[in-house]
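Q: Please take a close look at the nonpolar core of this protein, and then follow the links around it step by step. I am a first-year student, so careful reasoning would help me more than a short summary.

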Amino acid sequence: MNDGVNGVALAVFILFFAAVTVMGFLAARWRKAENEHSLDEWGLGGRSFGTWVTWFLLGGDLYTAYTFVAVPAAIYAAGAAGFFAVPYTILVYPLIFTFLPRLWSVSHRHGYVTTSDFVRGRFGSKGLSLAVALTGILATMPYIALQLVGIQAVLDVMGVGGGEDTNWFIKDLPLLIAFGVLAAYTYSSGLRAPALIAFVKDTLIYLVIAVAIIYIPIKLGGFDEIFAKAGEKYEAAGAGGLIPPEAGQWTYATLALGSALALFMYPHSITATLSSKSREVIRRNTTILPLYSLMLGLLALLGFMAIAAGVNVKNGQLAIPQLFENMFPAWFAGVAFAAIGIGALVPAAIMSIAAANLFTRNIYKDFLKPDATAAQETKVSKLVSLLVKVGALAFVLTMDKTVAINFQLLGGIWILQTFPALVGGLFTRWFHRWALLGGWAVGMIYGTVAAYGVASPTQKHFGGSSKEIPGIGEIGYIGLTAFVLNLVVTVGLTFVLKAMKAPEGVDETKPEDYTADAGDPGVKTELPVGTH
């Protein structure tokens with residue numbers, strides 16, 4: 001590890017950061033619409049993005065600091081168990097092919113901006129819509145926090161901000177500056193900013209991975225040597241391994257399945273989806289997005305490379321940035337650091353926009369100011385997008401950053417509880433709205449309580465991986481267990497409520513709404529002022 005500041009790498013990092021900052025502010029003029037003071041324009045980019053823009057946007061949205069820092073760090077610390085992220089990103093695309101086009105169609109038909117808009121319209125329940133909105137905002141917070149951890153890891157390795165004993169304000173000042181700039185261009189340009197920057201981000205990531213997967217193994221003596229040294233390290237430590245141990249295979253499988261079910265429940269995933277201009281764009285993207293899964297598999301191997309390269313860090317999140325600094329020339333290390341930093345900023349921007357849209361449409365407009373104009377909605381969303389980033393700091397300050405993958409897994413526990421209302425509602429209205437609310441409450445309570453019991457190496461905290469119940473044994477990913485409980489309660493209560501003939505609410509959608517394309521008669525991409 002280098003002492004002091006890596007001046008060359010820092011200079012390259014600042015150069016790229018300055019370039020994307022300029023792009024972020026200029027994005028406000030990109031495809032600028034006449035009616036710029038609407039949530040459709042600021043929060044969904046005018047619903048105008050084609051196949052390639054949507055592909056880069058979704059890639060920039062889904063492949064985050066979780067991908068570049070947390071997953072390889074998990075493999076560095078625990079072995080092949082961390083590879084669960086690869087099969088889950090493969091499982092997710094056939095899944096979303098079945099329901100995302102339906103969500104796009106009904107959302108464009110009725111002007112829905114968020115998943116909560118759809119839930120309210122489908123089940124005629126503002127209470128259920130509020131539950132989905134609050135869950136989305138809550139689940140987004142630790143995910144944004146993970147982006148903060150990724151940027152902080154890069155800054156620490158470059159020697160910016162001082163060490164662990166440095167005054168907290170001085171240590172975190174570069175990070176605060178970075179997020180201040182992010183907040184400014186997100187406020188100004190909305191979704192167009194991360195959409196434009198995603199081109200730079202993904203290009204840098206593919207470049208760095210292509211170089212790393214060839215250059216680093218050559219320097220380390222080939223993959224045989226890399227796997228041999230990694231195996232020796234795991235054997236000596238008595239944990240992890242090149243193959244998940246039999247005792248951990250159930251956890252591995254449930255983590256993959258639960259994460260796949262949760263990924264497109266996140267508000268930022270839906271925001272990027274609804275920004276596309278047609279349902280065919282969504283269908284095409286589900287066929288080409290798996291290219292990112294290949295990239296993820298290669299990225300995960302960096303965890304093994306860090307072991308073979310002799311990287312020794314107390315905080316596993318520093319392993320990959322430190323590997324880059326040790327193995328690459330200083331200038332290219334700067335390029336790699338910029339790729340990670342920008343790779344964290346892009347999804348953080350989309351996440352804050354998505355959470356802000358939920359607050360504006362499903363809390364502010366539904367409960368506080370029903371007669372809000374389009375301009376007022378946009379203004380509120382812009383302000384809330386700033387506050388969301390501040391809220392994410394709470395997770396950074398209270399959770400153990402050495403196991404940062406738990407930030408994403410914790411969010412997954414919560415957001416997965418919206419699956420029955422969203423995906424179930426896209427195909428059937430059999431579930432009763434009150435039953436969905438009851439199931440959601442049970443899943444949220446169990447998942448939150450169980451997650452708090454997960455231990456980290458340094459403290460008791462809100463974790464997010466697996467849970468063992470005395471007398472039963474390992475039950476796998478907490479989020480999936482909570483989801484099963486959610487479904488059981490929802491189905492049971494639906495039978496009871498239907499037998500009692502409880503009022504089911506008014507469905508404002510029609511069967512043809514779920515298959516309509518942008519050119520079909522009756523499609524509207526923005527609600528009239530004063531309606532919802």
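A: In this predicted model, the largest nonpolar core holds 170 residues, and among its members Tyr66, Leu302 and Phe324 are the ones that touch the most others. The largest share of this core, 22 residues, is supplied by helix α17, which covers residues 330-368. Leu302 is a good place to begin looking: once its neighbours within four places in sequence are set aside, Leu302 is in contact with Ile209, Ala212, Ile216, Ile320, Leu323 and Phe324. Phe324 therefore appears twice in this account, as a partner of Leu302 and as one of the three residues that touch the most other core members.

It helps to set the core against the whole protein, which has 22 helices and 2 strands. Of its 532 residues, 59% are buried. Among the contacts with a separation of 6 or more, 83% are between residues 24 or more positions apart.

Aromatic rings give another way to follow such links, and the count of aromatic pairs comes to 21. One of them joins Tyr234 and Phe304, whose ring centres are 6.2 Å apart and whose planes make an angle of 70 degrees, an edge-to-face arrangement. Since Tyr234 belongs to helix α10 (residues 223-237) and Phe304 to helix α15 (residues 302-308), the pair ties together parts of the chain that are 70 residues apart in sequence. Tyr234 and Phe304 are both buried. Elsewhere, ring pairs link Trp52, Trp55, Phe56, Phe199, Tyr206 and Tyr292 into a cluster.

Charged side chains also make links, and the structure holds 14 salt bridges. In one of these, the side chains of Arg109 and Asp513 meet with a distance of 3.2 Å from N to O. This pair links distant parts of the chain, with Arg109 in helix α5 (residues 85-110) and Asp513 in the segment after α22, 404 residues apart. Although both partners carry charged side chains, Arg109 and Asp513 are both buried.

A second salt bridge leads back to helix α17, for Arg361 pairs with Asp117, and the closest N and O atoms of the two are 3.5 Å apart. Here too distant parts of the chain are linked, with Arg361 in helix α17 and Asp117 in helix α6, 244 residues apart. Both Arg361 and Asp117 are buried.

A third salt bridge is formed by Arg429 and Asp507, with 3.9 Å between the closest N and O atoms. Arg429 lies in the loop between α20 (419-427) and α21 (433-452), while Asp507 lies in the segment after α22, so this pair ties together parts that are 78 residues apart in sequence. Asp507 has a relative accessibility of 24%, and because buried means under 20% and exposed means over 50%, Asp507 counts as partly exposed. Salt bridges can also share partners, as they do where Asp117, Arg361, Lys365 and Glu377 are joined into one network.

Asp507 appears again when we turn to Gly121, a residue of helix α6 (residues 115-123). Leaving out residues up to four places away in sequence, Gly121 touches Tyr112, Val506, Asp507, Glu508 and Thr509. With a relative accessible area of 1%, Gly121 falls under the 20% limit and therefore counts as buried. Between Gly121 and Ser107, which are 14 residues apart in sequence, the C-alpha to C-alpha distance is 10.0 Å.

For a contrast with these buried places, consider Lys501, which lies in the segment after α22 (478-499). Lys501 has a relative accessible area of 73%, and so it counts as exposed. Its phi angle is near 55 degrees, a positive value in a residue other than glycine.

Nonpolar side chains are found at the surface as well: Tyr187, Leu383 and Leu386 make a nonpolar surface patch of about 220 Å². Leu383 sits in helix α18 (residues 374-398), and its relative accessibility of 41% is why Leu383 counts as partly exposed. For the protein as a whole, the accessible surface comes to about 19500 Å², and 67% of it belongs to carbon and sulfur atoms.

Definitions and conventions: Residues are numbered from 1 along each chain as its sequence is written. This is a predicted model: local features need pLDDT of at least 70, side-chain atom pairs count only at pLDDT 80 or more; totals for chains, interfaces and linings use all residues. Side-chain values use heavy atoms; hydrogens and water are left out. A nonpolar core is a set of buried Ala, Val, Leu, Ile, Met, Phe, Trp, Tyr and Cys residues joined through side-chain atoms within 4.5 Å. Buried means under 20% relative accessible area, exposed over 50%, partly exposed in between (1.4 Å probe, protein chains only). Helices (H or I, at least four residues) and strands (E, at least two) are DSSP runs, numbered from the N terminus. Contact means heavy atoms within 4.5 Å. Patches are made of residues with over 30% relative accessible area and no salt bridge: like charges are joined within 9 Å, nonpolar side chains (Val, Leu, Ile, Met, Phe, Trp, Tyr) within 5 Å. Accessible areas come from the Shrake-Rupley method with a 1.4 Å probe; for residues, only the protein chains shown count as cover. A salt bridge is a side-chain nitrogen of Lys or Arg within 4 Å of a carboxyl oxygen of Asp or Glu. Rings of Phe, Tyr and Trp (its six-membered ring) pair if their centres lie within 6.5 Å; planes under 30 degrees apart count as stacked, over 60 as edge-to-face and the rest as tilted.
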